[in-house]
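Colleague: I am new to this structure and should like to learn how its features are read. May we go through them one at a time?

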Amino acid sequence: MLALLARASQDGFARPDIDWHALAPELVVVGVLCLVLVADLFLPDDRKGALPSLAGIGLLGALVPVLTLAADGADRTMFGGAYAVDDFSLVVKALFLVAGYVTVLLSTNYVAEGDYAEGEYYFLLLSSILGMTVMASARDLVTIFVALETLSVPAYLLAGWRKRDRKGNEAGVKYYLMGVFATGVLLYGMSLLYGVAGTTRLGGIGEALGTAGGSVPVITLAIVFVIAGFAFKVSAVPFHTWAPDTYEGAPTPVTAFLSVSSKAAGFVALVQLVVIGFAEQAEVVRPLMWVLAAGSMTVGNVVALRQTNLVRMLAYSGISQAGFILAPMAVVGQIGGTTLSTVVTYLLIYAAMNLGAFTVVMAVARKTGSADISTFGGLFEYAPSLAVLMSLFLFALAGIPPLGGWLAKFVAFRAVVESDTGWGYALAVVMAVNTVVSLAYYANVAKEMWMNPAPDGDVTPVRLPVSLTAALAITAVLTLAFGVTQWAAELGDMADFVAGVTP
């Protein structure tokens with residue numbers, strides 16, 4: 001045995017060189033989730049209200065090494081290129097940590113008032129966020145899969161957290177069964193990729209697929225299976241059927257978390273595979289992404305028009321938004337290197353406005369006990385600030401300038417148009433039509449809040465806990481900042497252009 005180990009060491013299996021600074025965000029999250037677990041064991045029941053504060057402070061603490069790594073500016077790789085820390089990964093990690101912090105704010109009163117096991121809840125939430133931060137730096141099929149399971153398994157448990165509720169049970173079971181099926185499909189596709197490329201590194205897979213030349217049946221099958229596996233995670237049509245029921249049955253903070261963070265993690269892995277691993281097989285990837293993008297936008301919007309429950313409407317809205325995020329991948333290889341930046345920009349803005357919308361849903365549901373659209377009637381009369389903020393988030397999701405959503409849709413639309421191809425222009429038309437359609441159901445909710453009376457004439461003011469107020473402030477500021485700053489920049493460029501052509 002010693003001889004075998006000595007030979008393995010000589011053959012290159014030496015101890016890896018670990019960059020502890022690069023791993024610091026993940027290590028902080030690991031430390032905090034362990035601390036939450038231990039604190040839950042020893043704190044008396046009347047002191048367990050400190051657990052959400054501990055989790056939130058820990059997530060903010062994990063942002064510190066993200067900022068120091070960004071200030072350093074150097075790209076770092078470890079484990080033979082399987083793990084990388086660069087600008088892309090740092091931005092995405094910041095997204096996951098901030099979204100996780102907002103989720104903790106949403107959960108603070110919800111979990112305590114619902115008599116749930118707080119320690120286990122925050123432990124699972126932090127574990128899922130840990131998987132997401134690893135996913136941001138994963139550049140290897142094995143690392144991607146480990147990160148995916150680390151974020152998914154806790155999410156399955158969180159989705160079914162309301163154990164005494166039938167819809168909660170349905171949410172957990174559907175999410176788990178569909179997730180296991182998608183994992184099997186994804187693993188089969190990954191095994192085919194490894195068989196063809198002989199490596200699990202994304203860069204090596206890209207080179208091997210380029211050497212293979214044109215369309216090879218086994219390569220095409222592998223790409224289709226891998227994309228299908230991640231299409232489930234991002235709830236793209238036709239892999240979306242779990243999302244509305246899971247969103248409705250899960251606790252609202254978990255729904256907000258799944259709709260933003262879990263979906264963003266799936267997109268992070270998918271866009272890296274498309275841009276790095278499948279770069280030389282764009283002729284296979286583009287038609288698949290075109291169908292997924294157009295189908296998700298259209299089906300999501302059409303079904304959302306008929307929803308009477310706001311959570312289900314936001315679920316179908318999220319399916320439609322997934323189509324817009326997939327659109328730049330439908331023209332990958334035809335728009336230079338902007339696919340990554342376009343997807344990340346959309347994810348950042350979508351996270352802010354969708355978390356904000358779910359925060360308002362939680363605030364109103366605390367009073368009405370329901371998320372039906374009709375219960376939002378007369379909201380401006382008894383909670384004008386909530387009505388204004390909800391209108392802001394809804395019209396941002398619709399893409400109305402100068403709110404953040406317009407920038408997200410603008411960069412996605414610009415990407416497909418810049419491809420200068422017939423399929424790109426056709427997808428741009430689909431995007432434009434669906435943007436108009438989406439305005440109908442967003443405006444319907446605004447109409448309910450501003451023009452219809454309150455149900456049963458109940459105009460009792462809504463009392464917001466400090467945690468929900470903080471979540472609303474963070475999401476509203478980000479939604480406005482993303483849109484207004486870019487809108488000002490675009491107006492400045494337009495003014496410079498006019499000044500340049502004016503005699």
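Modeller: Let us begin with helix length, for which one definition is needed: the expected span of a helix is 1.5 Å times one less than its number of residues. Please keep in mind that this is a predicted model.

Colleague: What span should the 23 residues of α3 have, and how far apart are its end C-alpha atoms?

Modeller: At 1.5 Å a residue, the 23 residues of α3 should span 33 Å, and the end C-alpha atoms are 34 Å apart, so the two values agree. Helix α3 covers residues 50-72. The helix is followed by G73, which has a positive phi near 80°.

Colleague: How do the other helices fare under this test?

Modeller: Two further cases may be given. Helix α2 (residues 24-42) has 19 residues, so it should span 27 Å, and its end C-alpha atoms are indeed 27 Å apart. Helix α16 (residues 384-398) has 15 residues and should therefore span 21 Å, in agreement with the 21 Å between its end C-alpha atoms. Just after α16, G399 takes a positive phi of about 90°.

Colleague: How does one decide whether a residue is buried or exposed?

Modeller: The decision rests on relative accessible area: under 20% is buried and over 50% is exposed. I57, located in helix α3, has 61% relative accessibility and therefore counts as exposed. The buried residues of α3 include G56 and G58, along with L51, P52, A55, L59 and A62.

Colleague: Which residues are buried in α2 and in α16?

Modeller: In α2 the buried residues are A24, P25, E26, V29, V32, L33, V36, A39 and D40. In α16, the buried residues include L386, A387, M390, S391, L392, F393 and L394. A396, L397 and A398 are buried in α16 as well.

Colleague: What is in contact with Q321, leaving aside its neighbours within four places in sequence?

Modeller: First, its setting: Q321 belongs to helix α13 (residues 310-326). With 2% relative accessibility, Q321 counts as buried. Beyond its sequence neighbours, Q321 is in contact with Y346, Y350, L397, K409 and Y442. With Y442 there is also a polar contact between the two side chains, at 3.5 Å.

Colleague: Where does Q272 lie, and which residues does it touch?

Modeller: Q272 lies in helix α11 (residues 252-277). Its relative accessibility is 2%, so it counts as buried. Not counting residues up to four places away in sequence, Q272 touches F88, M135, A136, A138, R139, L202 and G277.

Colleague: How should one compare distance along the chain with distance in space?

Modeller: One takes a pair of residues and considers both separations. V343 and L326 are 17 residues apart in sequence, and their C-alpha atoms are 7.8 Å apart. For I57 and G249, 192 residues apart along the chain, the C-alpha separation is 29 Å. V343 is placed in helix α14 and is buried, with a relative accessible area of 2%. Outside its sequence neighbourhood of four places, V343 is in contact with V271, I325 and M329.

Colleague: What is the general idea behind a nonpolar core?

Modeller: In soluble globular proteins, nonpolar side chains tend to be buried together. Here the largest nonpolar core has 170 residues, of which F230, M289, M313 and L427 touch the most other members. Helix α14 (residues 338-368) supplies the largest share of this core, 16 residues. As for M289, its contacts beyond four places in sequence are I227, L270, V274, L326, M329 and A330.

Colleague: How is empty space found, and how many cavities of 30 Å³ or more are there?

Modeller: Rolling a probe the size of a water molecule over the atoms shows where empty space is left. A search of the whole structure gives 1 cavity of 30 Å³ or more. The largest cavity has a volume of about 60 Å³. Two or more lining residues come from each of α6 (141-159), α7 (166-197) and α9 (217-233). Among the residues that line this cavity are L148, Y156, T183 and F230.

Colleague: How much space lies in the largest pocket, and which element gives the most to its lining?

Modeller: The largest pocket holds about 450 Å³ of space. Of its 19 lining residues, Y110, R162, T252, A365 and G369 are the closest to its centre. The elements that give two or more residues to the lining are α4 (87-113), α10 (242-249) and α14. The most comes from α14, with 4 residues.

Technical notes. Residues are numbered from 1 along each chain as its sequence is written. This is a predicted model: local features need pLDDT of at least 70, side-chain atom pairs count only at pLDDT 80 or more; totals for chains, interfaces and linings use all residues. Side-chain values use heavy atoms; hydrogens and water are left out. Buried means under 20% relative accessible area, exposed over 50%, partly exposed in between (1.4 Å probe, protein chains only). A polar contact is a pair of N or O atoms within 3.5 Å; within protein, one must be able to donate a hydrogen and the other to accept it, and residues adjacent in sequence count only if both atoms are side-chain atoms. Contact means heavy atoms within 4.5 Å. A nonpolar core is a set of buried Ala, Val, Leu, Ile, Met, Phe, Trp, Tyr and Cys residues joined through side-chain atoms within 4.5 Å. On a 1 Å grid over the protein atoms alone, a cavity is a set of points where a 1.4 Å probe fits but cannot get out, and a pocket is an open set with protein on both sides within 12 Å along at least five of seven lines; lining residues have an atom within 4 Å of a point. Grid points are joined across faces, edges and corners, and a volume is the space filled by probe spheres set on the points.
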